[in-house]
Amino acid sequence: MSGIPKIVVTGGNGQLGKELQELSSSHPQFEFYFLTREDMPIDNFELIRNYFGTLKPAYCINCAAYTAVDRAESERDLAFQVNGEAVGVLAAICKEHNTKFVHISTDYIFNGEGTYPYTENFPTDPVNVYGASKLEGEKQAIGFNPGCIIIRTSWVYSSFGKNFVKTMMRLMNEKDEVRVVNDQVGSPTYAADLAEVILKIIPDWKPGIYNFSNEGIITWYEFAVAIKEIINCACDVLPITTSGYPTPAKRPAYSVLDKTKIQETFGVRLKDWRESLKNCIAKIQD
Ligand SMILES: NC(=O)c1ccc[n+]([C@@H]2O[C@H](COP(=O)([O-])OP(=O)(O)OC[C@H]3O[C@@H](n4cnc5c(N)ncnc54)[C@H](OP(=O)(O)O)[C@@H]3O)[C@@H](O)[C@H]2O)c1
């Protein structure tokens with residue numbers, strides 16, 4: 001048996017899972033095992049228990065989640081099953097096997113009525129089903145595995161999967177104008193930066209909740225304008241209010257995370273959101 005610590009990554013086909021997969025080749029100090037939903041649904045507890053029992057990984061990074069924010073409004077049970085109950089079981093199985101458990105959570109656990117960046121202790125109060133299911137996941141993770149690490153992140157994008165950046169790039173190439181909400185404020189996160197940070201912090205394991213995103217505070221409109229500038233597209237980007245773009249799930253208006261704790265605890269350096277956006281777009285266009 002090799003002495004190299006094994007890392008199981010669930011949700012291996014998602015944005016974060018794929019970024020971790022890409023980073024894995026430059027991290028030979030770990031042995032990675034990527035699980036997709038097809039291989040191993042995280043709500044198939046028997047399968048998960050047997051797998052962990054046999055492999056006995058040192059770490060599990062849970063990138064699997066029900067992330068369809070609007071659909072969750074009409075699929076509450078499924079959202080809670082994947083983002084809530086399954087997280088608790090996974091956390092408990094990890095505890096059983098001495099596997100250190102990393103879980104990813106979201107800015108959507110806050111109601112968005114704040115006016116300054118949320119620290120990890122700020123009171124939670126989700127305004128949609130997805131946020132409520134993710135908050136339940138946090139409670140389950142800590143309840144069943146108090147030694148876990150939870151990383152809350154926001155506005156995640158990547159060259160992989162579906163996200164705001166890729167949608168905007170497509171729309172800007174197809175249309176003369178796009179309208180984007182200018183009254184929701186947050187900080188984007190390039191999933192590649194988050195993946196890097198996870199691998200940096202886990203050897204120096206310190207349990208708790210940590211916020212992480214790129215540096216900078218913007219609206220979705222400002223994000224879209226930056227995308228337009230980077231891809232050098234003639235399409236007009238027009239600011240609208242949230243009421244001009246109704247969605248089944250309510251979004252928090254202000255969802256900026258305070259990242260002081262992760263910086264001070266682990267010496268993490270935050271990348272500027274625009275620098276990371278340029279890196280991602282360069283990769284998409286490569
Ligand atoms: N995206 C964001 O803006 C954002 C913001 C804040 C926090 N987060 C959190 O960050 C984490 C990573 O998000 P992401 O953007 O990488 O999500 P993503 O791209 O939607 O990936 C999630 C993955 O989970 C898989 N999955 C869904 N149900 C599953 C199940 N029952 N068993 C196993 N796998 C399952 C999906 O499989 P399929 O590919 O088959 O669908 C998908 O590959 C999640 O915890 C998410 O809640 C995301």
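This tour visits three helix pairs and then four loop residues, in a suggested order of selection.

The model is predicted: local features need pLDDT of at least 70 and side-chain atom pairs count only at pLDDT 80 or more, whereas totals for chains, interfaces and linings use all residues. Residues are numbered from 1 along each chain as its sequence is written, and side-chain values use heavy atoms, with hydrogens and water left out.

**Helix pairs**

Two packed helices are described by the angle between their axes and the distance between the axes. Helices (H or I, at least four residues) and strands (E, at least two) are DSSP runs, numbered from the N terminus. Axes are lines fitted to C-alpha atoms, for helices over the stretch in contact, and angles run from 0 to 180 degrees between N-to-C directions.

Begin by selecting residues 15-24, helix H1, together with residues 191-201, helix H6. Their axes are 8 Å apart and the packing angle is about 60 degrees. That angle makes H1 oblique to H6; angles under 35 degrees count as roughly parallel, over 145 as roughly antiparallel, 65 to 115 as roughly perpendicular and the rest as oblique. The crossing of H1 and H6 is right-handed, a crossing being right-handed if the near helix is turned clockwise from the far one by less than a right angle, and left-handed if anticlockwise. To display the contact (heavy atoms within 4.5 Å), show Gln15, Leu16, Glu19, Leu20 and Leu23 on H1, and Ala191, Ala192, Leu194, Ala195, Glu196, Ile198 and Leu199 on H6. The residues of this contact comprise nine nonpolar, one polar and two charged. In this classification Ala, Val, Leu, Ile, Met, Phe, Trp, Tyr, Cys and Pro are nonpolar, Asp, Glu, Lys and Arg are charged, and the others, Gly among them, are polar.

Next, select helix H2 (residues 45-55) and H3, the latter spanning 76-96. The axes of H2 and H3 come within 10 Å and cross at roughly 20 degrees. H2 is therefore roughly parallel to H3. H2 passes H3 in a right-handed crossing. On H2, the residues to show are Phe45, Ile48, Arg49 and Phe52; they meet Glu85, Ala86, Val89, Leu90, Ile93, Cys94 and Glu96 of H3. Eight nonpolar, no polar and three charged residues make up the contact of H2 with H3.

Keep H3 selected and add helix H4, residues 129-144. Here the axes come within 8 Å, crossing at roughly 15 degrees. H3 and H4 are therefore roughly parallel to each other, and their crossing is right-handed. Among the contact residues are Ala79, Phe80, Gly84 and Gly88 of H3, and Ala132, Ser133, Gly137 and Phe144 of H4. The contact of H3 with H4 holds 10 nonpolar, six polar and five charged residues.

**Two loop residues with positive phi**

Most residues other than glycine have a negative phi. Move from H3 into the loop that leads to strand E4 (100-106), and select Asn98. Although Asn98 is not a glycine, its phi is positive, at about 55 degrees. Asn98 counts as exposed, at 69% relative accessibility; exposed means over 50% relative accessible area, buried under 20% and partly exposed in between (1.4 Å probe, protein chains only).

Now select Trp155, in the loop between strand E5 (149-153) and strand E6 (156-157). The phi of Trp155 is also positive, near 45 degrees. Trp155 is buried, with a relative accessible area of 9%.

**Two buried loop residues**

From Trp155, step to Gln184, whose contacts include Trp155, Ile218, Trp220, Thr242 and Arg251. Gln184 sits in the loop between strand E7 (177-181) and strand E8 (185-186) and is buried at 8% relative accessibility. Its side chain makes polar contacts with the side chains of Trp220, at 3.2 Å, and Thr242, at 3.1 Å. A polar contact is a pair of N or O atoms within 3.5 Å; within protein, one must be able to donate a hydrogen and the other to accept it, and residues adjacent in sequence count only if both atoms are side-chain atoms. Measuring C-alpha to C-alpha, Gln184 and Arg251 are 7.9 Å apart in space, yet 67 residues apart in sequence.

Finally, select Asn214, in the loop between strand E10 (208-211) and strand E11 (218-219). Asn214 is buried, with a relative accessible area of 0%. Its side chain reaches the backbone nitrogen of Tyr190 at 2.9 Å, and a polar contact of 3.4 Å links it to the side chain of Ser276. Other residues touched by Asn214 include Tyr157, Asp193, Lys259 and Trp273.

Terms used
Lists of a residue's contacts leave out its neighbours within four places in sequence.
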